[in-house]
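Please open the model in your viewer and keep the sequence panel beside it, since each stop below begins with a selection to make.

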Amino acid sequence: MTIAKIIANRSSADIVSCDCTTPVSEAVNILAGKRIGALPVMRNGSVVGIISERDVIYCLSEKGGSVLSMPVEEIMTSPAVTVETSTKIDDAMALMTKRRFRHFPVVDNGALVAFISIGDLVKHKIDEIEHEAEAIRNYIQTA
């Protein structure tokens, strides 16, 4: 199964992102207002990084409140590690685990088409396991 399966019913118009020049305080407001953990950071239509809650916390701890007036490009995780729609879900989960990421921009031919979280991948895996368990139960009952 690939990432395409998870994002099949999503529109790229629904992606919440910010520009690399967005002040950190504005990015924090977006994260809090949308109750999300990260945003893809864009420059001229391309993903150049990710700003996450962790990025903000670490920089606040290190540099203090002045971080809030900085552009996100100064504190974002960059370059962005991306996956493609053809990436296998298990491969994306392994990469998230190895790199200790919780979010991935999904690109197709260089364009951002979705933004997925570890929660999206775990939900898919749970749904898959529940479906398999139901199929086994049905098989046992009819055997």
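The tour goes from the whole chain to a sheet, then to one acidic residue, and finally to the salt bridges.

Begin with the whole protein chain, bearing in mind that this is a predicted model. Its C-alpha trace spans about 65 × 30 × 25 Å along the principal axes, and 35% of its 143 residues count as buried. Coloured by secondary structure, the chain shows 5 helices and 6 strands, which follow one another from the N terminus as α-β-α-β-β-α-β-α-β-β-α.

Next select β1, β2 and β3, which form an open sheet in that order with mixed pairing. Strands β1 (18-19) and β3 (46-52) stand at the edges with a single partner strand each, so one side of each has no neighbour in the sheet. Strand β2 (residues 38-43) runs antiparallel to β3 and is joined to it by 6 bridges; for one place to look, take Val41, whose bridge partner in β3 is Gly49. Adding helix α2 (residues 24-34) to the selection shows how it packs on the sheet, where it touches β2 and β3 and its direction makes about 135° with that of β2.

Now move to Asp55, in helix α3 (residues 53-63). Which side chain of opposite charge is nearest to this buried residue? It is that of Arg54, but at 8.1 Å away, and Asp55 has no salt bridge. Because a salt bridge requires the nitrogen and oxygen to be within 4 Å, a different kind of partner is worth displaying here: the side chain of Thr77, with which the Asp55 side chain makes a polar contact at 2.9 Å. Beyond its neighbours within four places in sequence, Asp55 is also in contact with residues including Ile50, Ile75 and Met76.

The structure holds 7 salt bridges, and the last selections visit some of them. Show Asp120 and Arg10, whose side chains meet at 3.1 Å, N to O; Asp120 lies in helix α5 (residues 118-142) and Arg10 in the loop between α1 (3-7) and β1, so the pair ties together parts that are 110 residues apart in sequence. Then select Glu73 and Arg43, with their closest N and O atoms 2.6 Å apart; here the loop between α3 and β4 (83-84) is tied to strand β2 across 30 residues of sequence.

Finish with Asp127 and Lys123, which form a salt bridge at 2.8 Å, N to O, and which are separated by about one helical turn in helix α5. Asp127 is partly exposed, whereas Lys123 counts as exposed. Salt bridges with shared partners also join Asp90, Lys125 and Glu128 into one network.

Terms used:
Residues numbered from 1 in each chain as written. Predicted model: local features only at pLDDT ≥ 70, side-chain atom pairs only at ≥ 80, totals over all residues. Heavy atoms only, no water. Helix = DSSP H or I, 4+ residues; strand = E, 2+ residues; numbered from the N terminus. Buried < 20%, exposed > 50% of the residue type's maximum accessible area, 1.4 Å probe, protein only. Lys, Arg positive; Asp, Glu negative; His and termini not counted. Polar contact = N/O pair within 3.5 Å; in protein donor to acceptor, adjacent residues only side chain to side chain. Contact = heavy atoms within 4.5 Å. Pairing = 2+ DSSP bridges. Axes fitted to C-alpha atoms, helices over the stretch in contact; angles between N-to-C directions.
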